[in-house]
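Biologist: Walk me through this model, please. I want the reason behind each label.

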Amino acid sequence: MAIRKVLVYPDKRLREKARPVDRVDDSIRRLLDDLAETMYAEPGVGLAAPQVGVALRVFVIDLKSPEGGELHEFVNPRFVSREGEVSWKEGCLSFPGISEEVTRAKRVALEALDRNGERFVLEGEDLLAVAMQHEYDHLEGKLLIDHVSFLKKRLIRREMAKLAAERGAAAGAEVR
Ligand code: NI
């Protein structure tokens with residue numbers, strides 16, 4: 001297992017539409033392991049493959065993160081139902097320090113393949129439903145910032161530019 005680097009907005013790779021996985025093999029199992037390890041290390045409650053620069057339809061969720069315990073792994077997920085409405089304050093590892101209220105379906109069911117290539121359906125409500133929809137968005141190249149008002153978009157872009165400048169300065173200081 002390895003901790004991978006999480007891409008931060010506005011990295012263009014976050015906007016790519018991810019491809020379906022052809023076969024769930026050892027390389028996909030390694031990707032799932034790395035995603036989980038990276039999610040626990042950050043820590044976050046979910047992480048999608050495009051966030052580590054891999055354009056495949058794979059993500060992990062663990063609401064008990066950072067301690068871990070209830071790891072859900074999804075390969076080639078698709079929604080089989082979405083019902084109701086709920087608003088939740090969401091964060092994203094690709095938007096460090098940002099949290100925004102987003103309205104999504106309150107209950108969803110996702111059909112996906114597990115790490116053995118077996119089909120399963122997972123139903124989720126509230127935070128689990130929110131996380132499933134948030135991570136699924138990443139596979140479509142859709143991001144937290146796409147769910148907020150025009151004004152908030154501007155604020156988030158400004159915050160992220162400031163963060164990038166700070167990170168650039170810190171990286172520069174390290175090489176000196
Ligand atoms: Ni995210």
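Modeller: A helix here is a DSSP run of H or I with at least four residues, numbered from the N terminus. Keep in mind that the model is predicted.

Biologist: What makes residues 127-139 count as helix α2?

Modeller: The run has 13 residues, and at least four are needed, so residues 127-139 qualify as a helix. Just after α2, G141 takes a positive phi of about 75 degrees.

Biologist: How do you know what span to expect for α2?

Modeller: Take 1.5 Å times one less than the number of residues. For α2 that gives 18 Å. The helix reaches 19 Å from its first C-alpha to its last, close to the expected value.

Biologist: Why is α2 called largely enclosed?

Modeller: Buried means under 20% relative accessible area. In α2, 12 of the 13 residues are buried, so the rest of the structure largely encloses this helix. Among them are L128, M132, Y136 and L139, along with the charged-letter positions E135 and D137.

Biologist: Where does α2 stand in the lining of the largest pocket?

Modeller: Helix α2 gives the largest share, 5 residues. The lining has 15 residues, and V45, E90, G91, C92 and H134 lie nearest the centre. Both β4 (86-91) and α2 give two or more residues. The pocket holds about 240 Å³ of space.

Biologist: Is K106 buried, partly exposed or exposed, and how do you know?

Modeller: Its relative accessible area is 25%. The limits are under 20% for buried and over 50% for exposed, so K106 is partly exposed. K106 lies in the loop between β5 (99-104) and β6 (107-113).

Biologist: What does K106 touch?

Modeller: Contact means heavy atoms within 4.5 Å. Leaving out residues up to four places away in sequence, K106 touches E83, G84, E85, V86, G124, E125, D126 and A129. K106 and R82 are 24 residues apart in sequence, yet 7.5 Å apart in space, C-alpha to C-alpha.

Biologist: How do you know that β2 and β3 pair?

Modeller: Pairing takes at least two bridges. Strand β2 (residues 58-61) and strand β3 (residues 72-83) have 4, so they pair. The sense is antiparallel, and F59 stands opposite F74 in β3.

Biologist: Why are β1 and β7 called edge strands?

Modeller: Each pairs on one side only. The open sheet has 5 strands in the order β1-β2-β3-β6-β7, with antiparallel pairing. Helix α1 (residues 26-41) packs on this sheet, touching β1, β2 and β3.

How values were computed:
Residues numbered from 1 in each chain as written. Predicted model: local features only at pLDDT ≥ 70, side-chain atom pairs only at ≥ 80, totals over all residues. Heavy atoms only, no water. Axes fitted to C-alpha atoms, helices over the stretch in contact; angles between N-to-C directions. Buried < 20%, exposed > 50% of the residue type's maximum accessible area, 1.4 Å probe, protein only. 1 Å grid on protein atoms, 1.4 Å probe; cavity = no way out; pocket = protein on both sides within 12 Å on 5 of 7 lines; lining within 4 Å. Points joined across faces, edges and corners; volume = space filled by probe spheres on them.
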